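Hi,

Here is the structure I promised to pass on. Have a look at it first, and my notes on what turned up follow below.

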Amino acid sequence: MSAASSSAASPSAGASVPLTPPGAQPSAAAVPAGGRLAGVVSMVGSGVSNQTGAAIGSLAFPVLGPAGVVAVRQYVAALVLLAVGRPRLRSFTRREWTPVLLLALVFGTMNLSLYTAIDRIGLGLAVTLEFLGPLTLALAAARRRVDACCAVAAAAGAVTLMRPQPSTDYVGMGLGLLAAACWASYILLNRTVGRRLPGAEGSAAAALVSALVFLPVGVVLAVRTPPTLPALGCAVTAGVLSSAVPYLADLFTLRRVPAAAFGLFMSVNPVLAALVGWIGLGQRLGLLDWAAVAAVVLANALSILAPSGRAPQRPPVRRTRRARRRAA
């Protein structure tokens, strides 16, 4: 990405962070056309599944509230990642546990702030504000003029989304920005965890800790307001569609699609969220809001597509003995 080339899709509204090491990511020429097509289909399915899961989870808000839905989702995410990562917790050192615990804290805070923002300002706006996190992180590390222009476009989109209106919910927008900051932190912490622990062990351990933290939340909510079967079904479905399916789909995709293409598609998630919110939940955006969402998406896409400006390095030319004698 520019936002996704840092190897992170959304673990909250988007997919989980891809754990494939950079060296294992394929080039476009290394994968057959059929494999690339399968990867693209997987990306589309992952994005639609993720945003649909968030929309279905929001249907349980009146009964469980955002905290209850997030708690169930954390349980599902922990089950999936534990099955895939199989962490050897007893062998973790203090140096390894430190970033894992921070990652668990950020993971839970990110999902709770995002789902609360969805409850207050709608799916499309909440996901767009959250997407500013990895986009800002990517643009801050860039040094090109085009990236400065992309940053201005993204900032203009964010200001437009947060413009004063009679129904403006600044608390909800602030929670969306908190989710953005958590997503950026999640990316950085995942890099550290990935360097210190093999495979998905670190992410699985963080998901387990986060689920344990939310366990008393789920118990208290269940005692205070016993969940109905439909509400519980919506929360579990959200966990499956927004955690399990995107995580497995991304592992499949990253073996078949170059990281740049993966990051480019991930920038479409705010648009998918707005469409799902409109079609599934009746959350309509105004023309100016759509323009702001488009500005954020285009800023990320342009940053990825723009050439790096670095001249390709030519392989060293081996001189013949005669040429070396002439040079001498």
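Phe107 and Tyr186 are both buried, and they make a good place to start. This is a predicted model, by the way, so please read everything below in that light. The ring centres of Phe107 and Tyr186 are 5.7 Å apart and their planes sit at 45°, so this pair counts as tilted. Phe107 belongs to helix H3 and Tyr186 to helix H6 (residues 170-196), so the pair ties together parts that are 79 residues apart in sequence.

How many aromatic pairs does a search of the whole structure find? There are four. Another of them is formed by Phe61 and Tyr115: the centres of these rings are 6.2 Å apart and the planes are at 70°, so the pair is edge-to-face. Here, too, distant parts of the chain are linked, with Phe61 in helix H2 (residues 61-85), Tyr115 in helix H3 (residues 94-121) and the two positions 54 residues apart. Phe61 and Tyr115 are buried as well.

Tyr115 turns up again in the core. The largest nonpolar core has 71 residues, and Tyr115 is listed with Ile118, Ile121, Leu123 and Leu135 as having the most contacts inside it. If you want to click on one of these, try Ile121: apart from neighbours within four places in sequence, Ile121 is in contact with Ala126, Leu129, Asp169, Gly172 and Met173.

Now for the overall picture. The protein has twelve helices and zero strands, so don't go hunting for a sheet: from the N terminus on, every element in the run is α. Of its 328 residues, 50% count as buried. Taking contacts between residues at least 6 apart in sequence, 88% join residues at least 24 apart. The accessible surface comes to about 15,900 Å², and 67% of that belongs to carbon and sulfur atoms.

Next, the charged pairs. A search of the whole structure finds three salt bridges, and I went through each in turn.

- Asp169, which we just met as a contact of Ile121, forms a salt bridge with Arg120, at 3.0 Å from N to O. The pair links distant parts of the chain: Asp169 is in the loop between helix H5 (145-161) and H6, Arg120 is in helix H3, and they are 49 residues apart. Asp169 is buried, with a relative accessible area of 18%, whereas Arg120 is partly exposed at 41%.
- Glu201 and Arg88 form another salt bridge, with the closest N and O atoms 2.9 Å apart. Glu201 is in helix H7 and Arg88 in the loop between H2 and H3, which puts them 113 residues apart along the chain. Which of the two is buried, and which exposed? Glu201 is buried, with a relative accessible area of 8%, while Arg88 counts as exposed at 52%.
- The side chains of Arg163 and Asp289 also meet in a salt bridge, at 2.9 Å from N to O. Arg163 lies in the loop between H5 and H6 and Asp289 in helix H11 (residues 287-305), so parts 126 residues apart in sequence are tied together. Asp289 counts as buried, at 9% relative accessibility.

The loop between H2 and H3 is worth a second look. Arg86 is in that loop and has a positive phi of about 45°, although it is not a glycine. Arg86 is exposed, with a relative accessible area of 65%.

Two more places to visit on the outside. Leu212, Leu215, Val219 and Val223 make a nonpolar surface patch of about 380 Å². Of these, Leu215 lies in helix H7 (residues 201-224) and counts as partly exposed at 42% relative accessibility. Then there is Arg195 in helix H6, which counts as exposed at 66% relative accessibility. The C-alpha atoms of Arg195 and Glu96 are separated by 9.6 Å, although the two residues are 99 residues apart along the chain.

Cheers

Definitions and conventions:
Residues are numbered from 1 along each chain as its sequence is written. This is a predicted model: local features need pLDDT of at least 70, side-chain atom pairs count only at pLDDT 80 or more; totals for chains, interfaces and linings use all residues. Side-chain values use heavy atoms; hydrogens and water are left out. A nonpolar core is a set of buried Ala, Val, Leu, Ile, Met, Phe, Trp, Tyr and Cys residues joined through side-chain atoms within 4.5 Å. Buried means under 20% relative accessible area, exposed over 50%, partly exposed in between (1.4 Å probe, protein chains only). Contact means heavy atoms within 4.5 Å. Rings of Phe, Tyr and Trp (its six-membered ring) pair if their centres lie within 6.5 Å; planes under 30 degrees apart count as stacked, over 60 as edge-to-face and the rest as tilted. Helices (H or I, at least four residues) and strands (E, at least two) are DSSP runs, numbered from the N terminus. Accessible areas come from the Shrake-Rupley method with a 1.4 Å probe; for residues, only the protein chains shown count as cover. Patches are made of residues with over 30% relative accessible area and no salt bridge: like charges are joined within 9 Å, nonpolar side chains (Val, Leu, Ile, Met, Phe, Trp, Tyr) within 5 Å. A salt bridge is a side-chain nitrogen of Lys or Arg within 4 Å of a carboxyl oxygen of Asp or Glu.
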